[in-house]
Amino acid sequence: MMTLATECLSILQLSDTHILASSDATLLGVDTAYYFRAVLARAFADHPRFDLIMLTGDLAQDPISPSYQYLLQHISQYGVPTVCLPGNHDDYALMQRVLNTELVSCRKQVLLGNWQIINLNSQIIGEEGGYLDAGELSFLSASLKAYPDRHALVAVHHHSLPTESYWMDTMMISNSDAFWAILKSHRQVKALVNGHIHQEMEAQIANVRILGTPSTCFQFKPKSLGFALDETSPAYRHLQLYTDGRIATQVKRLPEALVGLQHTPHGY
């Protein structure tokens, strides 16, 4: 657990960085390392401070130590506490070993002001889809019961609501009903943020705002039957968490066009 105290909280969410084994390698023609650095720099140019950075999965396309060391090196330079959770492309055990510093870690629970941030692991090893096992659901429930008077933001890699992209929605959290039963039973849950979908999404269920965040590299074409890429620029999400439970949030994209994207119907 990590505990910090502040007023209105400023949080930076980065997702789906897909860092490769070599910093000059490309994925679908895109230099993922360059765009990770560019989005991170843009976020700090746009905002005077962040209280927390959240990396919400698919940190590495090549889940080896140099990929995670690269992320650690560049994000540590900003001096902001950072929490990391795994996506389907990650090696979570390796993440926990490499991303294990006082500043950057895989902590599952963060207390900030009168908010609680809960980070869940939806990875099924060797598969693209998501699932929250009994341990994750128990941790979520116990964390919410432990701090009933704190507003809660829950983060997970995989999406739990359909995006209307048929191919993408085959990779949702398969036990989303059980997940949502817990979320809806705790009124202090104000938001659920996810990555994985490489596009912006916003919805509302009961008291919970669902916020899907684009990738720091390439994006997926919305409402597509099959795998398809979009020309939209890389992005980050900024969240402001207020003491009364309100959330202000905005997705901000790089002003520059994405360079090098190679369209393919076959995935990656």
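**Exercise 1. Classify the exposure of Arg-42 and its salt-bridge partner.**

Solution. Arg-42 has a relative accessible area of 35%, so Arg-42 is partly exposed (buried means under 20% relative accessible area, exposed over 50%, partly exposed in between, with a 1.4 Å probe and protein chains only). This is a predicted model, in which local features need pLDDT of at least 70 and side-chain atom pairs count only at pLDDT 80 or more, while totals for chains, interfaces and linings use all residues. Residues are numbered from 1 along each chain as its sequence is written, and side-chain values use heavy atoms, with hydrogens and water left out.

Next, find the partner. Arg-42 forms a salt bridge with Asp-46, with 3.3 Å between the closest N and O atoms (a salt bridge is a side-chain nitrogen of Lys or Arg within 4 Å of a carboxyl oxygen of Asp or Glu). Asp-46 has a relative accessible area of 27%, so Asp-46 is also partly exposed.

Finally, place the pair. Both residues lie in helix H1 (residues 32–46), four residues apart, about one turn of the helix. Helices (H or I, at least four residues) and strands (E, at least two) are DSSP runs, numbered from the N terminus.

**Exercise 2. State how many salt bridges the whole structure holds, and describe two that involve Arg-209 and Arg-246.**

Solution. The search of the whole structure gives six salt bridges. In one of them, Arg-209 meets Glu-202 at 2.6 Å, N to O. Arg-209 is buried at 18%, whereas Glu-202 is partly exposed at 47%.

For Arg-246, the partner is Asp-244, with the closest N and O atoms 2.8 Å apart. Asp-244 is partly exposed at 48% relative accessibility, and Arg-246 is partly exposed at 47%.

**Exercise 3. Describe the surroundings of Thr-213.**

Solution. Start with the position: Thr-213 is in the loop between strand S11 (208–212) and strand S12 (219–220). The relative accessibility of Thr-213 is 0%, so Thr-213 counts as buried.

Then list the neighbours. Leaving out residues up to four places away in sequence, Thr-213 touches Gln-13, Asn-194, Gly-195, His-198, Gln-199 and Arg-237 (contact means heavy atoms within 4.5 Å). With Arg-237 there is a side-chain to side-chain polar contact of 2.8 Å. A polar contact is a pair of N or O atoms within 3.5 Å; within protein, one must be able to donate a hydrogen and the other to accept it, and residues adjacent in sequence count only if both atoms are side-chain atoms.

**Exercise 4. Characterise the site of Ser-67.**

Solution. Ser-67 belongs to helix H2 (residues 65–76) and, at 0% relative accessibility, counts as buried. Beyond four places in sequence, Ser-67 touches Ile-19, Leu-20, Ala-21, Ala-60 and Asp-62.

Two of these neighbours can be described further. Ile-19 is 48 residues from Ser-67 along the chain, yet their C-alpha atoms are 5.7 Å apart. The backbone oxygen of Asp-62 is 2.6 Å from a polar atom of the Ser-67 side chain.

**Exercise 5. Identify the residues with the most contacts in the largest nonpolar core.**

Solution. This core has 66 residues, and those touching the most other members are Leu-14, Tyr-68, Leu-99, Leu-140, Val-154, Phe-179 and Phe-218 (a nonpolar core is a set of buried Ala, Val, Leu, Ile, Met, Phe, Trp, Tyr and Cys residues joined through side-chain atoms within 4.5 Å). Helix H1 supplies the largest share of this core, seven residues. A second, separate core has 18 residues, including Ile-11, Ala-155, Val-193 and Leu-241.
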